[in-house]
Amino acid sequence: MAEKATIGNVEITAVLDMVPPPREPSAMFPDVPASAWEPYQDTLENGMLQLYYGAFLVMSQGKTILVDTGMGPGPHPERGNLTGNLYQVVSDVLQPPDNTMNTNVSPSDQVNFVVHTHLHADHVGWNLRYSGGMPAPNFRRARYWIPKPDYDYFTEPERLEQTPYIQRQIIPLRRLRLQEIIEGPKAVTDEVSVLPAPGHTPGHQVVLIDSNGQKGAVVGDLLHSIAQVSEPTWCAGVDYDKSQSAASREKLLDQAEKEGWILAAGHFPPGKQVGKVVREGDKRRWQPL
Ligand SMILES: [Zn+2]
């Protein structure tokens with residue numbers, strides 16, 4: 001069963017793409033000494049940091065928004081040859097109960113927007129499918145929202161050579177007339193919007209929800225580990241600008257704590273991906289819903 005939560009009139013559903021091989025905490029957070037993990041052993045699995053590659057479906061005012069698209073079908077040699085499953089999971093969630101036999105319609109056609117929090121490989125993998133070398137969108141009725149600073153950064157010629165996934169999953173969107181380059185805050189619906197929260201990448205953004213007096217956010221990679229809710233200065237080694245990343249994280253956690261936001265973090269373990277930030281003494285703590 002997919003994990004669901006409601007924020008006002010907005011419904012969010014966690015959809016998991018794949019579970020990559022676990023890593024040493026120091027491989028993911030090179031600046032955090034092993035001893036600092038002592039109080040957070042319960043966020044590790046047998047001492048190892050286990051990430052999950054999740055995304056979220058957000059339903060608002062009759063629109064279906066997919067926030068990030070996972071690692072993709074694979075197999076991924078750099079991730080233990082594992083394969084992704086997001087397209088099937090999304091299709092299962094969106095499958096209408098009275099499935100008409102119209103083969104021209106697929107559940108994925110219900111997705112109106114694909115919103116990318118940022119352009120790392122584990123967040124864009126199911127944008128396009130290939131047949132005979134030709135790309136076609138997996139979500140053919142959707143507009144794909146891409147933050148401009150990430151688009152500019154990841155498509156610099158020297159960088160593009162090193163990132164075949166950008167060439168396959170992002171570049172063709174333009175010619176297919178599916179891409180929308182986003183600058184600054186922008187509304188998706190009256191109750192869902194994107195807001196820049198840079199640092200992890202130059203254009204990293206979060207998806208804010210504000211509906212019927214309740215607030216929440218899909219946080220993208222502001223959070224990789226539950227321990228970062230208590231230790232917001234901890235930064236992933238892959239963060240583009242660590243001080244900016246920490247500042248964006250602190251700001252969001254502070255607001256979330258004060259206003260009782262519901263947060264959704266795709267890299268957290270299933271069952272713990274959606275939660276609230278609560279205060280415990282001088283630290284915050286993650287409380288799964
Ligand atoms: Zn990520």
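This note goes through the overall fold, the zinc site, the enclosed and open spaces, and one pair of residues in a predicted model.

1. Overall form. The protein chain is built from eight helices and 16 strands. Its radius of gyration is 18 Å, close to the 19 Å that the globule rule gives for 289 residues, and the protein chain is therefore as compact as a globular protein of that length. The C-alpha trace spans about 55 × 45 × 35 Å along its principal axes, and 52% of the 289 residues in the protein chain are buried.

2. The zinc site. Four residues coordinate the zinc ion at 2.1 to 2.4 Å: Asp122 and Asp221 each through OD, and His123 and His267 each through NE2. The angles among the four donor atoms run from 88 to 168 degrees, and the site is classed as irregular. A reader setting up this site may wish to keep in mind that water is not among the atoms, so sites may look incomplete.

3. Where the donors come from. Along the sequence, the donor residues of the zinc ion follow the spacing D-H-x97-D-x45-H. The pair His123 and Asp221 links distant parts of the chain, being 98 residues apart, with His123 in the loop between β5 (113-115) and β6 (128-131) and Asp221 in the loop between β13 (214-218) and α7. His123 has a relative accessible area of 3%, and because the cut-off for buried is under 20%, it counts as buried. Asp221 is likewise buried, at 2% relative accessibility.

4. The cavity. How many cavities of 30 Å³ or more are there? The count comes to one, and the largest cavity holds about 60 Å³ of space. Its lining is made up of Gly54, Ala55, Phe56, Val67, Asp68, His123, Val218, Gly220, Asp221, Gly266 and His267; of these, His123, Asp221 and His267 also serve as donors to the zinc ion. Strand β3 (residues 53-60) gives the most to this lining, with three residues, and by class the lining has four nonpolar, five polar and two charged residues.

5. The largest pocket. This pocket has a volume of about 470 Å³, and 24 residues line it, with Arg23, Arg79, His120, Asp122 and Val238 lying nearest its centre. Asp122, one of those residues nearest the centre, is also a donor to the zinc ion. The lining of the largest pocket divides into 12 nonpolar, six polar and six charged residues.

6. The second largest pocket. Here the volume is about 410 Å³, and the lining comprises 25 residues, of which Asp42, Thr43, Ile226, Ala227 and Trp286 lie nearest the centre. Both α7 (227-230) and β16 (283-288) supply at least two residues each to this lining, and β16 gives the most, with five residues. By class, the lining of the second largest pocket has 12 nonpolar, six polar and seven charged residues.

7. A contact between separated parts of the sequence. Leu86 belongs to helix α2 (residues 86-94), and at 0% relative accessibility Leu86 counts as buried. Which residue is paired with Leu86 at 4.2 Å, C-alpha to C-alpha? The partner is Asp17, which lies 69 residues apart from Leu86 in sequence.

Key:
Residues numbered from 1 in each chain as written. Predicted model: local features only at pLDDT ≥ 70, side-chain atom pairs only at ≥ 80, totals over all residues. Heavy atoms only, no water. 1 Å grid on protein atoms, 1.4 Å probe; cavity = no way out; pocket = protein on both sides within 12 Å on 5 of 7 lines; lining within 4 Å. Points joined across faces, edges and corners; volume = space filled by probe spheres on them. Helix = DSSP H or I, 4+ residues; strand = E, 2+ residues; numbered from the N terminus. Nonpolar A, V, L, I, M, F, W, Y, C, P; charged D, E, K, R; others polar. Donors = N, O, S within 2.8 Å, 3.2 Å for Na, K, Ca; no water. Tetrahedral: all angles 85-135°; square planar, octahedral: opposite > 155°, others 65-115°. Buried < 20%, exposed > 50% of the residue type's maximum accessible area, 1.4 Å probe, protein only. Rg over C-alpha atoms; globule rule 2.2 N^0.38 Å.
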